[in-house]
Amino acid sequence: MKNLANHFLLPLPDHDGSYFAGSLTYICSHGEAGASGLIVNRPTPIDLNKLFKLVEMKRSMKSAPLVYEGGPVEMNAPSILHTDDVMVDGALAIGDNLGVTIAIEDCDFESLLDRISSGVGPEKYMVMLGYAGWHQGQLENEINSNVWLTCPGSHELLFETPIDRRAQDAASSIGIDLSLLSGDSTGYA
């Protein structure tokens with residue numbers, strides 16, 4: 001199977017009622033050790049200013065963007081998916097002019113937050129809590145079992161498309177109308 005980094009995952013209708021139902025997940029890394037990604041269409045009620053307060057950081061922004069629920073793994077761990085026009089120590093370049101900065105020991109996550117709150121951060125970014133992860137071979141098995149559709153990643157879908165349109169627009173990019181898909185084994189919606 002090809003490397004799915006910089007691709008989106010769309011759950012097929014059998015996911016209805018599951019954690020990933022209705023999600024659009026951007027794959028940040030995919031290799032022999034497994035895969036990781038971030039859900040990009042599930043905003044939380046928390047904006048970045050509220051997150052600053054929750055983690056006792058003395059920062060604020062005039063117009064703070066919403067924080068996204070990035071996935072079910074380590075849901076309190078923040079990360080930032082961003083354009084690579086600003087990269088800090090420890091940020092991971094993930095291709096297609098994108099990077100991800102994670103709040104871990106060897107990554108200068110706070111420096112990137114400082115830059116964002118000062119208005120000199122990356123041109124486009126999304127702050128996430130948690131991530132989605134698959135161990136070695138798991139994602140490939142799920143795709144082969146028709147759990148996911150895949151489609152190429154897109155800056156427009158990540159940063160410009162309204163949140164409520166992202167999944168359908170990703171599906172449309174490969175000629176699929178999500179409203180016509182059904183989890184019913186008869187094949188009729």
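**Exercise 1. Describe where the charged end of R59 sits relative to the ring of F52, and trace the salt bridges in which R59 takes part.**

Solution. The charged end of R59 is placed over the ring of F52, 5.9 Å from its centre, where a charge counts as sitting over a ring if NZ of Lys or CZ of Arg is within 6 Å of the ring centre and within 35 degrees of the ring normal. This is a predicted model, in which local features need pLDDT of at least 70 and side-chain atom pairs count only at pLDDT 80 or more, whereas totals for chains, interfaces and linings use all residues. Residues are numbered from 1 along each chain as its sequence is written, and side-chain values use heavy atoms, with hydrogens and water left out.

The next step is the salt bridge, defined as a side-chain nitrogen of Lys or Arg within 4 Å of a carboxyl oxygen of Asp or Glu. The side chains of R59 and E110 form one, at 3.8 Å from N to O. This pair links distant parts of the chain, R59 lying in the loop between α1 and β5 and E110 in helix α2 (residues 109–117), 51 residues apart; helices (H or I, at least four residues) and strands (E, at least two) are DSSP runs, numbered from the N terminus.

For burial, the cut-offs are under 20% relative accessible area for buried, over 50% for exposed, and partly exposed in between (1.4 Å probe, protein chains only). R59 counts as buried at 15% relative accessibility, while E110, with a relative accessible area of 45%, is partly exposed. Finally, R59, E110 and D114 are linked in a network of salt bridges.

**Exercise 2. Which residues do ring pairs link into a cluster, and how are the rings within it arranged?**

Solution. Ring pairs link Y19, F20, W134 and W148 into a cluster, and the structure holds five aromatic pairs. Rings of Phe, Tyr and Trp (its six-membered ring) pair if their centres lie within 6.5 Å, planes under 30 degrees apart counting as stacked, over 60 as edge-to-face and the rest as tilted.

Taking F20 and W134 to begin with, the ring centres are 6.4 Å apart and the planes stand at 25°, so this pair is stacked. F20 belongs to the loop between β1 (7–11) and β2 (25–31) and W134 to strand β9 (residues 125–135), so that the pair links distant parts of the chain, 114 residues apart. F20 is buried at 15% relative accessibility, and W134 is buried with a relative accessible area of 6%.

Turning to W134 and W148, the centres are 6.1 Å apart and the planes at 80°, so the pair is edge-to-face. Because W134 lies in strand β9 and W148 in strand β10 (residues 148–152), the pair ties together parts that are 14 residues apart in sequence. Both W134 and W148 are buried.

**Exercise 3. Which ring does R42 lie over, and with which residue does its side chain form a salt bridge?**

Solution. R42 lies over the face of Y19, at 4.8 Å from the ring centre. The side chain of R42 also meets that of E69 in a salt bridge, with an N to O distance of 3.9 Å. Since R42 is in the loop between β3 and β4 (43–47) and E69 in strand β5 (residues 66–69), the pair ties together parts 27 residues apart in sequence. R42 counts as buried, at 17% relative accessibility.

**Exercise 4. Work out which residues of α2 are buried and what covers them.**

Solution. The buried residues in α2 are F109, L112, L113, I116 and S117. Seen down the axis of α2, they fall within an arc of 130°, so they line one face of the helix; the arc is that of the directions from the helix axis to the C-beta atoms. Among the elements that cover these residues are α1, β6 (73–83), β8 (98–102) and β9. After α2 comes G119, whose phi is positive, near 80°.

**Exercise 5. Where along the chain is confidence lowest and where is it highest?**

Solution. The pLDDT, the predictor's confidence in each residue from 0 to 100, averages 89 over the chain, and 94% of the residues score at least 70. Confidence is lowest in helix α1 (residues 48–54), at a mean of 85, and highest in strand β3 (residues 34–39), at 97. Over residues 185–189 the pLDDT is below 50, and beyond near neighbours in sequence this stretch has five contacts in the model, contact meaning heavy atoms within 4.5 Å.
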